[in-house]
There are 2 protein chains.
Amino acid sequence: MSRQQHRSLVCLAEEMSHTLAVEKMNLLVLPSILLVISTAHAFQYAELAQYIDSHQEEYVEVLRNWVAIESDSSNILKRPDLHRMMEITAQKLRLMGGTVELVDIGVQELPGGQMIALPKVVTAQFGNDSNKHTVCVYGHVDVQPAKLEDGWATDPYNLTDINGNLYGRGASDNKAPVLAWIHAVEAYQALNMELPVNVKFLIEGMEETGSNGLDAMILAQRDTFFSDVDYIIISDCSWLGQRPALTYGTRGNCYFFAEVEGPKQDLHSGVYGGTVIEPMTDLIGILDTLITPSGKILIPGIREAVAPLSDEEWKLYQDIDFDMDNYKNKIGVSQLMYSNKVDLLAHMWRYPTVSIHGIEGAFSDPGTKTVIPAKVTAKFSIRQVPNMDPAVVKKQVSDYLHSVFAKRKSPNKLKVTMVIGAKPWLADTQHPLYEAGKAAAKTVFGMDPDLIREGGTIPIARTFQDVMEKSIIMLPIGGFDDGLHSQNEKISRYNYIEGTKLFIAYLNEVAQIKKTVM
Amino acid sequence: MSRQQHRSLVCLAEEMSHTLAVEKMNLLVLPSILLVISTAHAFQYAELAQYIDSHQEEYVEVLRNWVAIESDSSNILKRPDLHRMMEITAQKLRLMGGTVELVDIGVQELPGGQMIALPKVVTAQFGNDSNKHTVCVYGHVDVQPAKLEDGWATDPYNLTDINGNLYGRGASDNKAPVLAWIHAVEAYQALNMELPVNVKFLIEGMEETGSNGLDAMILAQRDTFFSDVDYIIISDCSWLGQRPALTYGTRGNCYFFAEVEGPKQDLHSGVYGGTVIEPMTDLIGILDTLITPSGKILIPGIREAVAPLSDEEWKLYQDIDFDMDNYKNKIGVSQLMYSNKVDLLAHMWRYPTVSIHGIEGAFSDPGTKTVIPAKVTAKFSIRQVPNMDPAVVKKQVSDYLHSVFAKRKSPNKLKVTMVIGAKPWLADTQHPLYEAGKAAAKTVFGMDPDLIREGGTIPIARTFQDVMEKSIIMLPIGGFDDGLHSQNEKISRYNYIEGTKLFIAYLNEVAQIKKTVM
């Protein structure tokens, strides 16, 4: 049976299942059709899938309620909302009969020395059959900042359905994927089907600002909550195109603050302009030495540390179905940094880059202000790939910027700090977890998934792999154009609902992994 | 009588006047002392000065009420407060019996094409005796933006007295000087003394954002409100040090927006970093070509247009009592752009400079955000001096930035716009208006004022001089360390109260100007 034929049959079966449900006919007529297209799990999958479809509106409503909570972990003024978000997550899991805990992970020290409580981490457990595998689903319910005036077409905290796309901050990153996992478990329960594996949840609220406190919590529970966990599943990433994908690598990230401080307070640029050496001019001067217009990083030592592109990698990238024009159109640019697919994918996934995010302390509002800012702090980050080491990068960047700054002979003071230092992560795509992912994608979408890497960073993957020695898979359901961290973030109903089915199918596939390969 | 002796006598007289008032003794014992130290106006001045002193707390309260109104003209969300500020100003002048009008000056077009009402301009008139001179006092009651989190030690909109300094946004720029003028007129009225000249007021609410709509209003009233105005007085500047000052020149200002636009929306720097040509990198690159670390402007043609420093100027600057160490300490820097007084004053007053104020559209909040901003707009300005021409500068800057940008071969789009183009202004320091200023300073402070220029810009001065052909004086009362446009703006009680007396004395001196020299 060809892929097309398979796909058509799956669609037919699902469609019939819908129709039959609508017409209240006896569902027992279905098995004979479904047996044609799948394994021993076929019937179970179709019934679960049908359950998911028929609860779509309910799932959208729950997502709407979650998006309405401004759980922005970067803004301490929103901390009460973030605490509430964790409570609501815990309560949802409790109502499903899970063994739920809200784990206190201590406090966060603010730049001014103040202390503020970190959002508790939610852990939950469904099933504890020692004959089954135990998976732990990691997700987060905090979000990036978002304001209507940043250029959102809709209120970022009011989930808005436009042509089947659900717009809202955190919709794709990471609230819908977390809910999809919850709904996957709920569907098994609702249909009185036994979960094929034990499912644990680890849901945090500080992912967007570096997962403060999570590493320590994981280490502390190594011999308790995590002791029986076989596999970690992370769904905090996106597909590459229209096809489902399995993610086997992420870039790390070193995030820097470069602060230039001069006068003791902001000055009127008319009154003082020309007499003082302006911190903003100094800062612009050193930022301009980080990267060339053609993307070459100028900090000595950075490029030298990068592992060379192997022939296998080149071949893998070459074979990936990636539409450059589509990518360009989606971003809305006429030209990318590289004009061929392999170079582009390689620089998206396995080469470092420098992004300058912005400057704190300068005038950033609309309109005009004739100010000489006294203290300005640039925020920039360098994505990390094998074999870069954040500790080394920290020194390379600091030494370089100080040497460039020294040449300016400025009386202002430069301070360079690295506030995030997350290593890259790579998995073995031959691992049974990935084979299970391929099979699940085939069941739900009737096609092989892309094997991709992720330019973004999921620091916790390294902790699970290096420290906890667990195998990890990244199983995304977000669309390639979901606009994570941007204005108008969304997830499509299609990805949200079919993604829930993917998780259902995946649990079944993981149950088939032989205990010996664990 | 030496300057010191004179000053001591003035102080003695004032002190006695205080003491006598407190002890409710007959004030008629004063004239014999006061006659020693001044002209025919001595008695009148002392009585007025005493009135001002005894009403100090009331004046501070009025200033407190004015500062409490967040009349930030750059923030359209504060427009209702700004309208209220104009109403309150008009009402205060009405209650004093002035002929007051609130002049509608139309609407402002916002970048998005929206229209918003401009704050009305307040005009008022006290006295219309054609045998007297008529002065028109110009001032403004809008303020620069201010937020506590910018680094204010106190709430910027709650006037706070710390050791005799009154901290609050707009305290010195320009609310206290406007109130000082109003109180000067009020004092004459309260003591039933005839105003020595007719006094008109022109108070606007858009000064901090370029006096939108004011030029047209002035031209429209050239033959009505302004027809009998002999002299314009502007008190929207500051002293240079501890001594009173008369200001005879201001720099102009060309304020630019340089916008670089790339992707159609902000992007996640992990997901897209390395594949797109980032607008922020482009913007930093072109900003870095404006000025060298040592203050040399790199835009071709700018330096060539500047009038050479004359020997007379050099001599004038050399003679000015200016404490470089004090200036450094006040600003809080270890080194200035120039290490000798003449160079420093010249670059403060009569050479152009470039200040980069900030970037709109990039991440500017505290914390971290891994974003590639899609559209970033730098705000920078170039101070204008004779013989620069804003229309020429506009072209020079735009051509230069576009040529620098073209070399980057970026697919992003650059747009350079000049949003303010204000010419510099220079007055003749031998004009009777300045002679009157010298005499008034002598009366109140017992010393000659400094003749200074102002690095900042007061665009309306050019309109009055060139278009209306009126003579102008700038008569500051703000302290040299008032922190205009900065955090912790303040005016001292000393400058506020003695400044009010200066205005009282100045009105008397102007009355002495012979009609023929008008």
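Which helix of chain A lies across β7 and β20 of chain A, and at about what angle to β20(A) does the helix run? The model examined here is predicted, so that local features need pLDDT of at least 70 and side-chain atom pairs count only at pLDDT 80 or more, whereas totals for chains, interfaces and linings use all residues. Residues are numbered from 1 along each chain as its sequence is written, chains are lettered from A and ligands numbered from 1 in the order in which they are written, and side-chain values use heavy atoms, with hydrogens and water left out.

The helix in question is α6 of chain A (residues 171-190), which runs at about 45 degrees to β20(A); helices (H or I, at least four residues) and strands (E, at least two) are DSSP runs numbered from the N terminus, contact means heavy atoms within 4.5 Å, and axes are lines fitted to C-alpha atoms, for helices over the stretch in contact, with angles from 0 to 180 degrees between N-to-C directions. The strands beneath this description belong to an open, antiparallel sheet of three strands in chain A, ordered β6-β7-β20, where two strands pair if DSSP finds at least two bridges between them. In this sheet β6 (160-162) and β20 (490-492) of chain A are the edge strands, each pairing on one side only, and the twist from one strand to the next averages 25 degrees. Strand β7 of chain A (residues 165-167) is joined to β6(A) by three bridges, the two strands running antiparallel, and A:Asn165 in β7(A) is the bridge partner of A:Ile162.

Side chains of opposite charge can pair when their charged atoms come close. Over all chains, the structure holds 48 salt bridges, each defined as a side-chain nitrogen of Lys or Arg within 4 Å of a carboxyl oxygen of Asp or Glu. One of these links A:Arg453 with A:Glu313, with 3.1 Å between the closest N and O atoms; because A:Arg453 belongs to strand β18 (residues 450-454) and A:Glu313 to helix α10 (residues 311-319) of chain A, the pair ties together parts that are 140 residues apart in sequence. Both A:Arg453 and A:Glu313 are buried, where buried means under 20% relative accessible area, exposed over 50%, and partly exposed in between (1.4 Å probe, protein chains only).

Within helix α10 of chain A, A:Lys315 and A:Asp319 are four residues apart, about one turn of the helix, and their side chains form a salt bridge with an N to O distance of 2.5 Å. A:Lys315 is partly exposed at a relative accessible area of 48%, while A:Asp319 is exposed at 52%. A salt bridge of 3.8 Å, N to O, also joins A:Lys328 and A:Asp325, which are separated by about one helical turn because they stand three residues apart in helix α11 (residues 324-331) of chain A.

Most residues other than glycine have a negative phi, and most peptide bonds are trans. The peptide bond from A:Pro386 to A:Asn387 is cis, with omega near 5 degrees, and A:Asn387 is found in the loop between β15 (375-384) and α13 (390-408) of chain A. In chain B, the bond from B:Pro386 to B:Asn387 is likewise cis, with omega near 5 degrees. A positive phi, near 65 degrees, is found for A:His485, a residue of the loop between β19 (471-474) and β20 of chain A that counts as buried at 4% relative accessibility.
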